[in-house]
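Trainee: Please take me on a close look at the inside of this protein. I want to see how its parts pack together.

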Amino acid sequence: MNFTEDRIARAALTRLFEPGDIVGRALVAKHGAGAALKIATGVQAAVPFWDVTADELAEGLRRWAARIPDLHPEKDLAIIERLGGGFLTPDDEHWPAGLNDLPDAPWGLWYRGNIENGIPNPAQCVALTGSRDSTSYGAAVTGDIAYGLAQRGICVVSGLAYGIDAHAHRAALAGHQGTEAATIAVLAGGLDRDYPSGNADLAAAIRANGLTLSELPPGSAPTRYRFLQRNRIIAALAGVTCVVEARWRSGALNTAHHAETIARHVAAVPGSVHSANSAGCHRLLKEGGAVLVTDAAELTELLAG
């Protein structure tokens, strides 16, 4: 199979398989992207292998069948190009090596924005994440940290959500001084629609010198499951994941867990013991999974460690 065929197959797989599809992942690991696509779409016979049973394969085929009519990878590739972006595979020059540390790395990565400088390696990136309903304290601390990181030439990675994410992106843009990407946003849906729509202007500003990224093709709607899966990409792109504000049960803690799983540093900012929005941060610190940080200098030190 040549590179072009592999690229088209991987683009198709981003629509056919959900990110956490274990059977689909096993198919690709065993047969490669092109053959896995043929098996999943019924072009090639599905034969049990490894510990994947006939029943599991049959269930997978039923699950994928509903999506087969929507498989138009060449069309998806044309759409992303019209939007000023493209599609990266692991063979591409700009593929972020940090994703290779994931046990369930994306089949490919859709992007919009300035790819010329590439995607910084994890040693040059910090992920800032936290509550969507951030407090004034969380907003201020996030702004100070993201601005300070950008001043040091460190790329801020986040998820474009309201609250901490948006404050992180905006402050990184404000503090940016060089030509490298100031900030990168990883989305949980297709890049043809910035989500949430209220942050569309922010997404456009990010793309001016950075990138918006997604493992999902154009037209894909964000779901709760996809948000949780998206978090592993944020964690893998960064050398440190810092939770600035988070409730006891928060998606930001999910990002921290993904970072721990692939041996990345995790940090948390302390807050008031009276604030529910800091309960998740204190939980991370109490359970020993995170280093306490208060500013950009401490995160930079952790990143270099």
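Mentor: We start with the whole chain, go into the core, and then visit a helix and a few single residues.

This is a predicted model, so local features need pLDDT of at least 70 and side-chain atom pairs count only at pLDDT 80 or more, while totals for chains, interfaces and linings use all residues. Residues are numbered from 1 along each chain as its sequence is written, and side-chain values use heavy atoms, with hydrogens and water left out.

First, the overall picture. The protein chain has 12 helices and 9 strands. These are DSSP runs, numbered from the N terminus: helices are H or I with at least four residues, strands are E with at least two. A compact globule of 305 residues would have a radius of gyration near 19 Å, and the chain agrees with its 19 Å. That radius is taken over C-alpha atoms, and the globule rule is 2.2 Å times the number of residues to the power 0.38. Along the principal axes, the C-alpha atoms fill a box of roughly 60 × 40 × 35 Å.

Now to the inside. Of the 305 residues, 56% are buried. Buried means under 20% relative accessible area, exposed means over 50%, and partly exposed is in between (1.4 Å probe, protein chains only). Contacts also tell us how the chain folds back on itself. A contact means heavy atoms within 4.5 Å. Among contacts between residues at least 6 apart in sequence, 76% join residues at least 24 apart.

Next comes the core itself. In soluble globular proteins, nonpolar side chains tend to be buried together. Here the largest nonpolar core has 24 residues. Such a core is a set of buried Ala, Val, Leu, Ile, Met, Phe, Trp, Tyr and Cys residues joined through side-chain atoms within 4.5 Å. Leu99, Ile119, Leu213 and Leu237 have the most contacts inside the largest core. Six elements give it two or more residues: strands β2 (109-113), β3 (125-130), β4 (155-158), β5 (183-186) and β6 (211-214), plus helix α9 (224-237). Helix α9 gives the most, with 4 residues.

Find Leu213 in the structure. Setting aside neighbours within four places in sequence, Leu213 is in contact with Leu109, Trp110, Tyr111, Ile119, Ile184, Ala185, Val186, Leu187, Leu191 and Leu237. There is also a second, separate core of 23 residues, which includes Ala150, Ala168, Ala171 and Cys242.

Now take a helix that shows two faces. In α12 (residues 296-304), Ala296, Leu299, Leu302 and Leu303 are buried. Seen down the axis of α12, these residues fall within an arc of 120°, so they line one face of the helix. The arc is that of the directions from the helix axis to the C-beta atoms. What does the buried side pack against? It meets β3, α6 (136-151), β7 (240-245), β8 (265-268) and β9 (291-292). The face turned away carries the exposed residues Glu301 and Ala304.

Look at the start of α12 too. Asp295 caps its N-terminal end, with a side-chain oxygen 3.3 Å from the backbone nitrogen of Ala297. In a polar contact, a pair of N or O atoms lies within 3.5 Å; within protein, one must be able to donate a hydrogen and the other to accept it, and residues adjacent in sequence count only if both atoms are side-chain atoms.

Loops have buried residues as well. Ser220 sits in the loop between β6 and α9. Ser220 is buried, with a relative accessible area of 11%. Its side chain reaches the backbone oxygen of Pro217 at 2.9 Å. Not counting residues up to four places away in sequence, Ser220 touches Arg15, Gly189, Gly190 and Arg226.

Two loop residues make a useful pair. Leu160 lies between β4 and α7 (164-175), and Trp50 lies between α3 (33-40) and α4 (54-65). Neither is a glycine, yet phi is positive: near 70° for Leu160 and about 45° for Trp50. Buried or exposed? Leu160 is buried at 0% relative accessible area, whereas Trp50 counts as exposed at 58%.

One more backbone detail. The peptide bond from Tyr195 to Pro196 is cis, with omega near 0°. Pro196 lies in the loop between β5 and α8 (200-209).

We finish in helix α7, where Gly175 is found. Gly175 is buried, with a relative accessible area of 0%. Leaving aside neighbours within four places in sequence, Gly175 is in contact with Tyr147, Ala150 and Gln151.
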